[in-house]
Amino acid sequence: MPQLTALDAQFLHFETATNVANIAGLAILDGDVNRADLQALLEQRLPYVPALRRKLAPVPFGLDHPYWMQEDDLDLDYHVREIGLPPPGDDRQLAEQVSRLHPRRLDRRRPLWEIYLIHGLRGGRMGLYTKIHHAAVDGIGGADVLAALLDLGPEPAAVPLTVSATGPTTGPAVEPERDEPPPGPAEMVARGLAHLAGNPAAAVRFVARAVPHLDEIPLASRIPGTRLVSGLARRLAGAGQLPELPVLPAPKTPFSGPVSEHRRFAFVSLPLEEIKQVRKAFGVTVNDVVMAVCAGALRRWLAAHGGIPRQPLVAGVPFSLRAAGVAGPGNQVTIMTAPLAVHIDDPVARLHHVRHAMQRIKDRFSLAPARWLREFSESMPAALMGLAARSAFSLVGQTAPPINVAISNVPGPQFPLYMCGVRLLTHYPVSVITDVSGGVNITAFSYDGSLDIGVVTDREMVPDPWELTVHLRDSLDELRDAESSPPQ
């Protein structure tokens, strides 16, 4: 049975009453799904979805990272819940319900997921809110979990789908093997002590590997001389010249600093074809357009709430470390920081600023993938990780947050999918905000010709995230207008 990696365990350890590591999705279905039917589908598909049938097996005295163990008696009545919206059952009521559900911590004595069927949505639709802990999956892994419950047509298949932006494939026709049980308490302790003895060496290795890449680490990159030291270390190591990364001090904004216990959520869908038209007109990527749309929306919001800073915001942008087409358990992700040009008034200039910044990061990442987050986690003794993670989050969040906003764009399938015979209309990500990353998270997922965007905010910092969804639409319109306008 696998043990949590150090990075997986970090998502458990940094949790407090205000920093909660739930990642989720809100699916809108074109009809009502029966709870019993969904539970029956889960019973059929669970053998193919390890993340849904595993729970934590802690190591005695916290000497090492927990293991996963299979839950043989999964209580689907606990994990699958249903609620109803009062009339009129509009989108804002649905989003408010998700706002309440999302920050509630998951019970660590059970498999770390919950599904809510939300009935009563206007127009005969239904909401399906699926929440899973970040320790179990990253963003791509979470999409794979949802995909295991979906089908290409109204008739459920015998085995689950694997879906991606390129197309669907079916899973294996044979029953997956049963998980091996975790080691017993005595063996856990022995392994934990062995890992503890090896941690000083791991820390030394991390420092040696980290020095050439200090300019990638959000806080370290702001220390004077970091760029010089990193470049010198790379040359001494024979790594050659790598593209320089921008120095990014995060300006103060109304959504910077420690977050509260309360969340707000809003969502919007933008036509993917319009985004592709902008991409083609300006010779950029779809992700560049998404980032620029977010920059324009945040610029408009800041203009109405305290003023636009004179420098770019700093966006935290997740990058997958997975090999193309290769699935795997847990978190295989790192985070890079990118300037978000809210200080530029002209939308086209803003787009090209974003394109240039993202290209530099991609060039750097392609030559030397940023693995510092995983390696830093592995260098820390497991017994001290919880206290260290919580203390670091609190200190950094209160003194010098390195990130203003988290933005992510996940490509998805461009064909319709079904659950329990009902068509999936849209799927909005519901992601994480923390003291370090700031009080706004904008995550996009492309599906069946649409870019579905979920906006999570801190209730105290950004009380009405629907303002941002309106600005996202306006920001795309602004780029469309610029694309169709003749050059001056």
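These are my notebook entries on a few things I looked up in this structure, which is a predicted model.

**Entry: backbone angles**

I began with the backbone. Most residues other than glycine have a negative phi, and most peptide bonds are trans. With that in mind, I went looking for exceptions.

F61 turned up with a positive phi of about 65 degrees, although it is not a glycine. I found F61 in the loop between β2 (54-57) and β3 (67-70). Is F61 buried or exposed? Its relative accessibility is 75%, so I noted F61 as exposed.

C420 is not a glycine either, yet I read a positive phi of about 50 degrees for it. This cysteine sits in the loop between β13 (418-419) and β14 (422-430). I wrote C420 down as partly exposed because its relative accessible area is 22%, and the buried class needs a value under 20%.

Next came the peptide bonds. The one joining P87 and P88 is cis, with omega at about 10 degrees. I traced P88 to the loop between β4 (80-84) and α4 (91-101).

**Entry: cysteines**

While I had C420 in view, I also looked up C294. That residue counts as buried, because its relative accessibility is 2%. How many disulfides are there? I noted a count of zero.

**Entry: helix α8**

I then turned to α8, which spans residues 272-282. Which of its residues are buried? My list reads L272, E274, I275, V278 and F282. These residues cover an arc of only 165 degrees around the axis, so they lie on the same side of α8. I added a reminder for myself: an α-helix has 3.6 residues a turn, so residues three or four places apart point the same way.

I also checked what comes after the helix. G283 follows α8, and its phi is positive, near 65 degrees.

**Entry: cavities**

Last, I looked for enclosed space. Rolling a probe the size of a water molecule over the atoms shows where empty space is left. I recorded three cavities of 30 Å³ or more.

I picked the second largest cavity for a better look, and its volume is about 40 Å³. What lines this cavity? I found V20, N22, H102, P103 and R263, together with S431, V432, I433 and V456. Sorted by class, the lining has five nonpolar residues, three polar and one charged.

Terms used:
Residues numbered from 1 in each chain as written. Predicted model: local features only at pLDDT ≥ 70, side-chain atom pairs only at ≥ 80, totals over all residues. Heavy atoms only, no water. Disulfide = S-S within 2.5 Å. Buried < 20%, exposed > 50% of the residue type's maximum accessible area, 1.4 Å probe, protein only. Helix = DSSP H or I, 4+ residues; strand = E, 2+ residues; numbered from the N terminus. Arc of directions from axis to C-beta. 1 Å grid on protein atoms, 1.4 Å probe; cavity = no way out; pocket = protein on both sides within 12 Å on 5 of 7 lines; lining within 4 Å. Points joined across faces, edges and corners; volume = space filled by probe spheres on them. Nonpolar A, V, L, I, M, F, W, Y, C, P; charged D, E, K, R; others polar.
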